[in-house]
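Here is a short briefing to read with the model open beside you. Keep the sequence at hand as well, and look up each residue when it is named.

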Number of protein chains: 2
Amino acid sequence: MTQEEKQTEQIIMDAARKVFQQSGLGGARMQQIADEAGINKALLHYYFRNKKKLFEAVFKEDFNRYMIPLSGILLRETGLTVEERIVTFVQSFIRTLNQHPHLPLFVMHEIASNPNRMLGLVKGGDVFSQVGETGKPEDSESKVFVWQIQEGIDEGRYHSVNPEQFVISIIGMCVYPFVARPIIKFWLKKEDDQFKDFMEDRQREVIDYAFRILIKDYQPYADNHR
Amino acid sequence: MTQEEKQTEQIIMDAARKVFQQSGLGGARMQQIADEAGINKALLHYYFRNKKKLFEAVFKEDFNRYMIPLSGILLRETGLTVEERIVTFVQSFIRTLNQHPHLPLFVMHEIASNPNRMLGLVKGGDVFSQVGETGKPEDSESKVFVWQIQEGIDEGRYHSVNPEQFVISIIGMCVYPFVARPIIKFWLKKEDDQFKDFMEDRQREVIDYAFRILIKDYQPYADNHR
DNA sequence: AAAAGGTTTAACCATTAGGTTAAGCCATGA
DNA sequence: TCATGGCTTAACCTAATGGTTAAACCTTTT
């Protein structure tokens, strides 16, 4: 594959991403994607045989490049304390999504409209590395974080939260504003750049919230924050 | 309008809702809606002149019947304390969405794909009752809650959160699990009814989190919970 | 029994969308 | 200079889709 081909492929995928994110798989029009990419329909089909293939390429790239690594920080990465996980996750998550604000809604919507096919596309289906030695969920790598929290609770350092609920809450606090972005922009009368700033501020705020929920003797503005 | 007409209209709207929620406006097929409703295309167009009109009817009903009243509990209802707002909001919100799990993603996706038109549809556009006497956002009814929190902070009862961030966090903790429902079901290996139970439990958990974030001397399992 | 109104049937139309084809353009590099 | 390969143009095909129409059917009401 030549350099030009790679370039064009990327141009097409970027255009396709934009259109798919706005209209979904069903609503997107190949012509619109071609226009957006500044090329013609013929070339579109020359690179990606058909709409479905193009869509899957885009979806896969998005999911594997962003969703998987990000959730990995919270759930899979080894050698991190709970506190480190939270801080790193929230920061990278919000920072990343600030650059790709439409990602979550796009991914969620398409998964919802066809869970099996979409989740099957992703890295052999092991989104959360569910497969343990015995096949039981307890073996899952994705439960490291859950274990660590349970440990902290048992040792009396943490409040007795339900670890799964806690994880979902953290992710929710980070993701939701992007999902509801148009409403929030409307409600708070914010433009794109103001929304961005708002989300930058949110990093510290969410970390604070998470710590306050979890940690028994938490005092904000300690050097937990950098 | 006769009784039969109302019935049929409702049957159609329920079918349409189902299809729209799964495929979005662009992806939905009129034939599929007719099939789902157990009627024919001709009758579909007899009741709702065209696809757009049908869609708007469904969207409007959803938004006005669920989203507006629910957000009202948190943001507009008068005569409630902050604590009462949070408890009532979280409970009704999760309970309602447990009965309509696809609502949030549907609403959010459609708003995102056409913010102006969609937000314009809703109760004359005043989703958050933004119009105050001077037109400044500060006059908005939707800021009552924000004021109340600010008051609590000033009086030293609450931690000094950013009220807007706090509101979004509460909503996010409630909404996100429904937005990410297929992923969560997959991750936690839950079926529909287990997910429902999980969300029932979540009510108390989220209320706990919210109070712990906000209230300085909060002790869980006090009679804040009923 | 006749009128009325909700509903079906089925044919039909116009448009659009996905996808194909083939001829030709144009820059690079052997 | 000519061949290669990325790319464009534009016509074309087919299937699907939104939407329409008119006649007939059936049940309830008068």
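In which helix of chain A does A:Q165 lie? A:Q165 sits in helix 9, which covers residues 163-179. Bear in mind that this is a predicted model. The points below start with chain A, go on to single residues and the core, and end at the DNA.

**Chain A as a whole**

- Chain A contains eleven helices and zero strands.
- Along the sequence, the pattern of chain A reads α-α-α-α-α-α-α-α-α-α-α.
- Chain A has 226 residues, and 55% of them count as buried.
- Take the contacts in chain A between residues at least 6 apart in sequence: 61% of these join residues at least 24 apart.

**A:Q165, a residue in helix 9**

- Is A:Q165 buried or exposed? A:Q165 is buried, because its relative accessible area is 1%, and the cut-off for buried is under 20%.
- Setting aside neighbours within four places in sequence, A:Q165 is in contact with residues of chain B.
- These partners are B:F198, B:D201, B:R202, B:E205 and B:Y209.

**A:G26, a residue in helix 1**

- A:G26 has its place in helix 1 of chain A.
- A:G26 counts as partly exposed because its relative accessibility is 31%, which falls between the limits of 20% and 50%.
- Not counting residues up to four places away in sequence, A:G26 touches A:K51, B:G26 and B:G27.
- How many residues apart in sequence are A:G26 and A:K52? They are 26 residues apart in sequence, and their C-alpha atoms are 9.9 Å apart in space.

**The nonpolar core and the cysteines**

- In soluble globular proteins, nonpolar side chains tend to be buried together.
- The largest nonpolar core here has 152 residues.
- Which residues have the most contacts inside this core? They are A:F166 and B:F166.
- B:F166 is in contact with A:Y209 in the other chain, leaving aside neighbours within four places in sequence.
- On the same basis, B:F166 also contacts residues of chain B, including B:I86, B:F145, B:I149 and B:V161.
- Further partners of B:F166 include B:A210, B:I213 and B:L214.
- A:C174 counts as buried because its relative accessibility is 0%.
- B:C174 is also at 0% relative accessibility, so B:C174 counts as buried.
- The disulfide count over all chains is zero.

**The surface near DNA strand D**

- There are 17 residues around DNA strand D.
- Which of them come nearest? They are A:T8, A:N40, A:Y47, B:K41 and B:K51.
- By type, the residues of this surface divide into eight nonpolar, four polar and five charged.
- Now look at the DNA side. Of the strand D atoms within 4 Å of the protein, 69% belong to sugar or phosphate, and the rest belong to bases.

**Polar atoms at the phosphates of strand D**

- An N or O atom in the side chain of A:Y47 is 2.3 Å from a phosphate oxygen of DNA strand D.
- B:M30 uses its backbone: one of its backbone N or O atoms lies 3.1 Å from a phosphate oxygen of the strand.
- For B:A28, a backbone N or O atom lies 3.3 Å from a phosphate oxygen of DNA strand D.
- Which elements give two or more residues to the surface near strand D? They are helix 1 (3-27) and helix 3 (41-47) of chain A, together with helix 3 (41-47) of chain B.
- Helix 3 of chain A gives the most to this surface, with four residues.

Technical notes: Residues numbered from 1 in each chain as written. Chains lettered and ligands numbered in written order. Predicted model: local features only at pLDDT ≥ 70, side-chain atom pairs only at ≥ 80, totals over all residues. Heavy atoms only, no water. Near = heavy atom within 4 Å. Polar contact = N/O pair within 3.5 Å; in protein donor to acceptor, adjacent residues only side chain to side chain. Nonpolar A, V, L, I, M, F, W, Y, C, P; charged D, E, K, R; others polar. Disulfide = S-S within 2.5 Å. Buried < 20%, exposed > 50% of the residue type's maximum accessible area, 1.4 Å probe, protein only. Contact = heavy atoms within 4.5 Å. Core = buried A, V, L, I, M, F, W, Y, C linked by side-chain atoms within 4.5 Å.
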